[in-house]
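Hi everyone, thanks for making room for me today. I'd like to walk you through a structure, so let me put it up on the screen.

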Amino acid sequence: MEIQKSFSENKELYSYFIDYIECEKENADSSLSMFICNIENQKIKENRRKLYLLFCLIVHVSNYHYRGTGFFSKIEKILDYLQSSIKQTFSNSELFEIIKTNKRILLYFFENKKLTLDDEIVNYIDSKSDNYYDIYFLNDIQTVIGPEQTERLKKKQLKKDPKFFTNFDEKRRIGANDSYLAVLIQDYLVEDFISHVTKTNISLNSFIEPSIFETNPFLLKHQKTSIIEYSCFYGSIQIFQYLKLNGVELGPSLWNYAIHGNNADIIHALEENKILPENDSYRQCLKKSMKCHHNNIARYII
């Protein structure tokens, strides 16, 4: 009976959380209130194990779920509510271990001074330079690494782009690729996209330039992402259709990006064009949709 009760409570909490993350803006306040009420009813803040599991869930969903408009604003409201309990319950190293894979949540804790920089954290940030942790967190670690290394890192970026540090903190909080082409796809601006690629003569088969401001683990891992893969990742159906109509080849890799994009129309377009997943296996697609907490897509694949 105790196991059944625990399962039921966890399922209910998860449902309230996903409902809040996916709700429309006008329903956000009421949805958040229902989620917080469930946390209070289950006394999660007073139970270390339950708080740990909830915190891990928040980090995992923040890493892999589709990030719609206002996504991180919603996540931060939950963290605002939980942060004092988290700080009291977990040590600095425990807290860092939970959130270190999520650049955006790590930034939140640095900005709110709820995480103390120590050698372990600075060494980790330095070791993840391939994912641009050192530049992304430069404002936070500069007092620890010293003025010489700070200046060296700044000069390196300014040499590539003299305007790199313009709106630096704003771009860090957005946590997405800041290139003009990427932003057009993120914001579904198909007319501006067509105008831009026409004027600049960009090949529709080219790749999105990697960005220091990117915080999504999937895109950080797959830094050689084509324009059509990127359109699938953001669920930008009109740009996807434009690329397809203009001869861009559809391939098996698009399934992984489309599942992240959480757009049923793109999933159906892949099916209609008889594009099979890699290894012709929907098992991996199912795992990917579950990892992203895209439950409707998971049910459809089943």
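Let me start with a small puzzle: in which loop does His-293 lie? Have a look while I say that this is a predicted model. Right, His-293 is in the loop between α19, residues 282-291, and α20, residues 295-301. I picked His-293 for its backbone: phi is near 60°, a positive value in a residue other than glycine. As for its surroundings, His-293 counts as buried because its relative accessibility is 10%, against a cut-off of 20%.

There is another residue of this kind to point out. Tyr-188 also has phi near 60°, again positive and again not a glycine. You'll find Tyr-188 in the loop between α12 and α13, the latter being residues 190-200. Is Tyr-188 buried or partly exposed? With a relative accessibility of 39%, Tyr-188 counts as partly exposed.

While we're around α19, let me mention Tyr-282, which sits in that helix. Tyr-282 is partly exposed, at 34% relative accessibility. If you'd like a sense of distance, take Tyr-282 and Phe-90: they are 192 residues apart along the chain, and their C-alpha atoms are separated by 39 Å.

Now, cysteines. How many disulfides does the count come to? Zero. Let me show you two cases. The cysteine sulfur closest to that of Cys-23 belongs to Cys-37, and the separation is 16 Å, so a bond is ruled out by distance. Cys-285 has its closest cysteine sulfur in Cys-292, at 11 Å, which is also too far for a bond. For scale, the cut-off for a disulfide is 2.5 Å between the sulfur atoms. Both of these cysteines are buried: Cys-23 has a relative accessible area of 15%, and Cys-285 is at 2%.

Next, a helix to check with some arithmetic. Helix α3 runs over residues 48-64, which is 17 residues. What span should we expect at 1.5 Å a residue? The expected figure is 24 Å, and the end C-alpha atoms are 25 Å apart, so the two agree. At the N-terminal end, Asn-47 acts as a cap, with a side-chain oxygen 3.1 Å from the backbone nitrogen of Arg-49. Several residues of α3 are buried, among them Leu-51, Leu-54, Phe-55, Ile-58 and Val-61. An α-helix has 3.6 residues a turn, so residues three or four places apart point the same way. Towards the C-terminal end of the list, Ser-62, Asn-63 and Tyr-64 are buried as well.

On to the part I suspect many of you came for: the pockets. The largest pocket has a volume of about 1100 Å³. It is lined by 42 residues, and those closest to its centre are Arg-67, Gly-68, Thr-69, Gly-70 and Phe-71. Which helix gives the most to this lining? That is α4, with six residues. Helices supplying at least two residues include α1 (2-22), α2 (28-41) and α11 (168-174). By residue type, the lining of the largest pocket has 14 nonpolar, 13 polar and 15 charged residues.

Staying with α4 for a moment, Leu-79 is found in that helix. Leu-79 is buried, with a relative accessible area of 1%. The C-alpha atom of Leu-79 is 24 Å from that of Leu-219, and the two positions lie 140 residues apart in chain numbering.

The second largest pocket holds about 530 Å³ of space. Its lining has 23 residues, with Gln-157, Phe-164, Pro-210, Ser-211 and Ile-212 nearest the centre. The elements giving two or more residues to that lining are α8 (133-136), α10 (147-160) and α12. This lining divides into eleven nonpolar, five polar and seven charged residues.

Finally, enclosed space. How many cavities of 30 Å³ or more does a search of the whole structure find? It finds one, and the volume of the largest cavity is about 110 Å³. Thirteen residues line that cavity, and Asn-177, Pro-210, Glu-214, Leu-219 and Gln-223 are the closest to its centre. You may recall Pro-210 from the residues nearest the centre of the second largest pocket. The cavity lining is made up of six nonpolar, five polar and two charged residues.

That's my tour, and I'm happy to take questions.

Methods:
Residues are numbered from 1 along each chain as its sequence is written. This is a predicted model: local features need pLDDT of at least 70, side-chain atom pairs count only at pLDDT 80 or more; totals for chains, interfaces and linings use all residues. Side-chain values use heavy atoms; hydrogens and water are left out. Buried means under 20% relative accessible area, exposed over 50%, partly exposed in between (1.4 Å probe, protein chains only). Helices (H or I, at least four residues) and strands (E, at least two) are DSSP runs, numbered from the N terminus. The expected span of a helix is 1.5 Å times one less than its number of residues. A polar contact is a pair of N or O atoms within 3.5 Å; within protein, one must be able to donate a hydrogen and the other to accept it, and residues adjacent in sequence count only if both atoms are side-chain atoms. On a 1 Å grid over the protein atoms alone, a cavity is a set of points where a 1.4 Å probe fits but cannot get out, and a pocket is an open set with protein on both sides within 12 Å along at least five of seven lines; lining residues have an atom within 4 Å of a point. Grid points are joined across faces, edges and corners, and a volume is the space filled by probe spheres set on the points. Ala, Val, Leu, Ile, Met, Phe, Trp, Tyr, Cys and Pro count as nonpolar, Asp, Glu, Lys and Arg as charged, and the others, Gly among them, as polar.
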